[in-house]
Amino acid sequence: MSIRVAIVGMGNIGNVHAGCYVNDPLAEIVAVCDIIPEKADAAAAKHGCPGFYSIKDMLKSGIKIDAASVCSAGVENGGDHYVPTMELLKAGLPVLGEKPISNNLDHAREMVALAKKKRVPYAIDLNHRFTPAARLAKKWVDEGRLGQLHIINMTMWINNPNESSPWFHLRALHPHSLDVMRYYCGPAKSVQAFLMKGKGRAIWSNAQVNILYKSGVVGHLTGSYDAGGAFGLERCEVVGSEGRFVLDEACVDLTFYDRRSPMTETYHDLGGMTGFGETFASRIHRWLWQLSQGVKPSEVDGSGADGLEVQSIIEAAIKSWETRGIVDL
Ligand SMILES: NC(=O)c1ccc[n+]([C@@H]2O[C@H](COP(=O)([O-])OP(=O)(O)OC[C@H]3O[C@@H](n4cnc5c(N)ncnc54)[C@H](O)[C@@H]3O)[C@@H](O)[C@H]2O)c1
């Protein structure tokens, strides 16, 4: 039986989620919602389902909904998620929210706490970890193929001229990179950041962030809104006592280097995944599959709690820059 899904926020990414649900045999779209009537109506016509202008009306309609995507945006791309997410969680509906979980840490904590209290699965679209290549690299780490982990280096950059907030680059982009780093290295302990305004820019559009993980691993994040394009989107390198891997573009090229052998092992387009655009479908499929298996809220892959953790690292990086110090989490 398919999972009956509602999508809230029918902008660019809401429509990307819709496309994923349409193509996923585990899902059926039963309702769409946007506070802008034209967007709700257009999506309703496209997907042949009722469209609503408020969550209240959607919930009152009596339509049976099993789970919802929240694809609102707002200040720093996360300011609008709180209100619809709280409404849906209060109604006991599992939510897959877009990143950042929120640009406001108190709101993020409240959403995670409410989901926990209601025992409802709550996930965030931290899609970069949901690729066959990222999963294989994680298996190598868990099996000890890299030995004891020592170092992680992550680069994520795009071209984004948005000047709306001084912290927009850190808060809106780096939930992704920091989540991938946590995925391999576990919880962070201490953070130190240097920031820089790119040519002609008013916001902190470049970042070099050092992270000490509780495991002892030392990590570094390079981030920019003045890059991307021909530079690519991302690269993650994890180095251990016995080996290292380099994962390019989240899913495109994964190479294992044995510390004591010249041989390498390389996968290109593992699982047939060829680019970042495909990560939405793989992430959403994992969410649907977990729901279909009756996932425990504490076992959600890419959970609200994970979204809160990465946002806490981002706030620590901001504090580090403001105070010129190392910030413990
Ligand atoms: N996971 C990724 O890789 C990725 C990539 C890009 C963007 N995003 C995220 O996706 C989110 C959406 O981005 P977008 O570009 O589609 O934004 P958008 O502005 O195009 O769309 C947001 C929509 O939400 C609606 N909305 C706001 N509050 C609402 C509410 N309470 N109820 C119903 N509808 C509401 C708005 O009217 C708007 O139509 C952002 O959080 C962004 O950070 C994620």
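So, the largest pocket: 40 residues line it, and those lying nearest its centre are I13, C71, S72, A73 and H81. Keep in mind that we're looking at a predicted model here. The volume of this largest pocket comes out at about 940 Å³. Which helices supply its lining? At least two residues each come from α1 (12-23), α3 (55-60), α4 (82-90) and α7 (168-185). If you sort the lining of the largest pocket by class, you get 20 nonpolar, 12 polar and 8 charged residues.

Then there's the second largest pocket, with about 280 Å³ of space. It has 14 lining residues, and the closest to its centre are V112, K116, P297, S298 and A305. Here α5 (105-118) and α9 (304-323) each put at least two residues into the lining. The largest share is from α5, which gives 4 residues. By class, the second largest pocket is lined by 9 nonpolar, 3 polar and 2 charged residues.

Okay, back to α1, since I've just had it on the list for the largest pocket. Its 12 residues should span 16 Å at 1.5 Å a residue, and the end C-alpha atoms are 17 Å apart, so that agrees. Which residues of α1 are buried? That would be G14, H17, A18, C20 and Y21. Looking down the axis of α1, you find these buried residues within an arc of 165°, so they line one face of the helix. Over on the other side of α1, the exposed ones are N12, V22 and N23.

A quick reminder on why a pattern like that can arise: an α-helix has 3.6 residues a turn, so residues three or four places apart point the same way.

Now compare α6, residues 132-143. This helix also gets its own length check: 12 residues, 16 Å from the first C-alpha to the last, close to the 16 Å expected at 1.5 Å a residue. The buried set in α6 is A133, A134, L136, A137, W140 and V141. Why do they sit on the same side of α6? Because they cover an arc of only 165° around the axis. Turn to the face of α6 that points away from the buried side, and you meet D142 and E143, both exposed.

On to the strands. There's an open sheet of 6 strands, and if you read across it the order is β3-β2-β1-β4-β5-β6, with parallel pairing. Which strands stand at the edges? Those are β3 (51-52) and β6 (122-124); each has a single partner strand, so one side of each is left without a neighbour in the sheet. For β3, the contact with β2 (residues 27-33) is parallel and consists of 2 bridges. If you want a spot to find it on the screen, look for C33, which stands opposite F52 in β3.

Next, β8, residues 188-196. Strand β8 pairs with β9 in the antiparallel sense, over 8 bridges, and you can see L195 standing opposite A207 in β9. Strand β8 is also joined to β15 (residues 327-328), again running antiparallel, by 2 bridges. There, V191 stands opposite V327 in β15.

While we're around β9, have a look at the loop between β9 (206-213) and β10 (218-224), where you'll find G216. Is G216 buried, exposed or in between? With a relative accessible area of 43%, G216 is partly exposed. Its C-alpha is separated by 9.1 Å from that of I151, and those two residues are 65 residues apart along the chain.

Last stop is the run from β11 to β13. Strands β11 (residues 234-240) and β12 (residues 243-248) pair antiparallel over 5 bridges, and a hairpin with 2 residues joins β11 to β12. From there, β12 is joined to β13 (residues 253-258) by 6 bridges, also antiparallel. A handy residue to follow through this part is D248: R235 stands opposite D248 in β12, and D248 in turn stands opposite D253 in β13. What about the turn itself? The hairpin of β12 and β13 has 4 residues between the strands, and in it E249 takes a positive phi near 60°.

That's my tour; happy to go back to any of the pockets, helices or strands on the screen.

Conventions
Residues are numbered from 1 along each chain as its sequence is written. This is a predicted model: local features need pLDDT of at least 70, side-chain atom pairs count only at pLDDT 80 or more; totals for chains, interfaces and linings use all residues. Side-chain values use heavy atoms; hydrogens and water are left out. Two strands pair if DSSP finds at least two bridges between them. On a 1 Å grid over the protein atoms alone, a cavity is a set of points where a 1.4 Å probe fits but cannot get out, and a pocket is an open set with protein on both sides within 12 Å along at least five of seven lines; lining residues have an atom within 4 Å of a point. Grid points are joined across faces, edges and corners, and a volume is the space filled by probe spheres set on the points. Ala, Val, Leu, Ile, Met, Phe, Trp, Tyr, Cys and Pro count as nonpolar, Asp, Glu, Lys and Arg as charged, and the others, Gly among them, as polar. The expected span of a helix is 1.5 Å times one less than its number of residues. Buried means under 20% relative accessible area, exposed over 50%, partly exposed in between (1.4 Å probe, protein chains only). The arc is that of the directions from the helix axis to the C-beta atoms.
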